[in-house]
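Me: I'd like to go through this structure and ask what stands behind each label. Can you take it one label at a time?

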Amino acid sequence: MKMTNTSTKPKRTRKPKAETPRVELEPIGPRAANRVREETWPIDQLRPYDRNAKKHDQAQLDQIRASLRQYGQVHRVLVDEAGVVIAGHGRLEALKQEQFAEVRVLIAVGWEEAEKRKFRLADNQLTMSTGWDEKLLKG
């Protein structure tokens, strides 16, 4: 007498492959869509803001230069449409010292002077008011 297996296993159905989600830049704030555009510019097209309040000593610039040599230009320099730096003065100076010919920039499209001034101050203030997680640094 031949024995047959009468138990049936549920059929495994393959889940349809999920499409890879598209990564889109999320606008930040009101009117933010298309407010910045990324490009690569010749370094001599950028000009420091004459009234930049934050100063970088050579020791800081040397740290930025070391990072540039190790990782390349990861962070962009934020400029207005005329090429005046809004954020990234120290980065720009380090790029010049490292003799970069081109710079990756974010162009602030259509920003009013008041917006540029507020961003310059806020960007500098935000980095000064941060702290460190001492436990993580020790580990």
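What follows is a run of questions on the labels, each with a reply.

Me: Before the details, what kind of model is this, and which elements does the chain have?

Reply: It's a predicted model. The chain has 4 helices and 4 strands, and from the N terminus on they come in the order β-α-β-β-α-β-α-α. Of the 139 residues, 24% count as buried. Among contacts between residues at least 6 apart in sequence, 84% join residues at least 24 apart.

Me: What makes leucine 46 "buried"?

Reply: Its relative accessible area is 4%. The cut-off for buried is under 20%, so a residue at that value gets the label. Leucine 46 sits in the loop between strand 1 and helix 1. Leaving out residues up to four places away in sequence, leucine 46 touches Trp41, Val77, Val79, Gly83, Leu92, Val103 and Val105.

Me: And how far apart are leucine 46 and glutamate 102, in sequence and in space?

Reply: They're 56 residues apart along the sequence, and their C-alpha atoms are 10.0 Å apart.

Me: Why is glutamine 99 called "exposed"?

Reply: Exposed means over 50% relative accessible area, and glutamine 99 has 70%, so the label fits. The residue lies in the loop between helix 2 and strand 4.

Me: What makes the phi of glutamine 99 worth a remark?

Reply: Glutamine 99 takes a positive phi of about 60 degrees although it isn't a glycine. Most residues other than glycine have a negative phi. The place of this positive phi is just after helix 2.

Me: Where does a glycine take a positive phi?

Reply: In the hairpin of strand 2 and strand 3, which has 4 residues between the strands, glycine 83 takes a positive phi near 95 degrees.

Me: How do you know that strand 2 and strand 3 are paired?

Reply: Pairing needs at least two bridges, and there are 2 here, so strand 2 and strand 3 count as paired. They run antiparallel, with valine 79 opposite valine 85 in strand 3.

Me: What about strand 4: how many bridges does it make with strand 1 and with strand 2?

Reply: Strand 1 and strand 4 (residues 102-108) are joined by 7 bridges and run antiparallel. On that side, the bridge partner of tryptophan 41 is valine 103 in strand 4. Strand 2 and strand 4 pair in the parallel sense, over 4 bridges. There, leucine 78 stands opposite leucine 106, and aspartate 80 stands opposite alanine 108.

Me: So why is the pairing of the sheet called "mixed"?

Reply: The open sheet has 4 strands in the order 1-4-2-3. Strand 2 and strand 4 are parallel, whereas strand 1 and strand 4 are antiparallel; hence "mixed". From one strand to the next, the twist averages 45 degrees.

Me: What makes strand 1 and strand 3 the "edge" strands?

Reply: Strand 1 (36-42) and strand 3 (85-87) each pair on one side only.

Me: How do you know that both faces of strand 2 are covered?

Reply: In a regular strand the side chains alternate between the two faces of the sheet. Val77 and Val79 point to one side, Leu78 and Asp80 to the other, and all of them are buried.

Me: Which strands does helix 2 lie across, and what covers its buried residues?

Reply: Helix 2 (residues 89-97) lies across strand 2 (77-80), strand 3 and strand 4, at about 120 degrees to strand 3. His89, Gly90, Leu92, Ala94 and Leu95 are the buried residues of helix 2. Their cover includes helix 1 (58-71), strand 2, strand 3 and strand 4.

Me: How much space lies in the second largest pocket, and which residues are closest to its centre?

Reply: About 200 Å³ of space lies in that pocket. It has 13 lining residues, and the closest to the centre are Pro48, Asn52, Lys54, His56 and His89. Helix 2 gives the largest share of the lining, with 5 residues.

Me: What makes up that lining by residue type?

Reply: The lining of the second largest pocket divides into 4 nonpolar, 4 polar and 5 charged residues.

Notes. Residues are numbered from 1 along each chain as its sequence is written. This is a predicted model: local features need pLDDT of at least 70, side-chain atom pairs count only at pLDDT 80 or more; totals for chains, interfaces and linings use all residues. Side-chain values use heavy atoms; hydrogens and water are left out. Axes are lines fitted to C-alpha atoms, for helices over the stretch in contact, and angles run from 0 to 180 degrees between N-to-C directions. Contact means heavy atoms within 4.5 Å. On a 1 Å grid over the protein atoms alone, a cavity is a set of points where a 1.4 Å probe fits but cannot get out, and a pocket is an open set with protein on both sides within 12 Å along at least five of seven lines; lining residues have an atom within 4 Å of a point. Grid points are joined across faces, edges and corners, and a volume is the space filled by probe spheres set on the points. Ala, Val, Leu, Ile, Met, Phe, Trp, Tyr, Cys and Pro count as nonpolar, Asp, Glu, Lys and Arg as charged, and the others, Gly among them, as polar. Buried means under 20% relative accessible area, exposed over 50%, partly exposed in between (1.4 Å probe, protein chains only).
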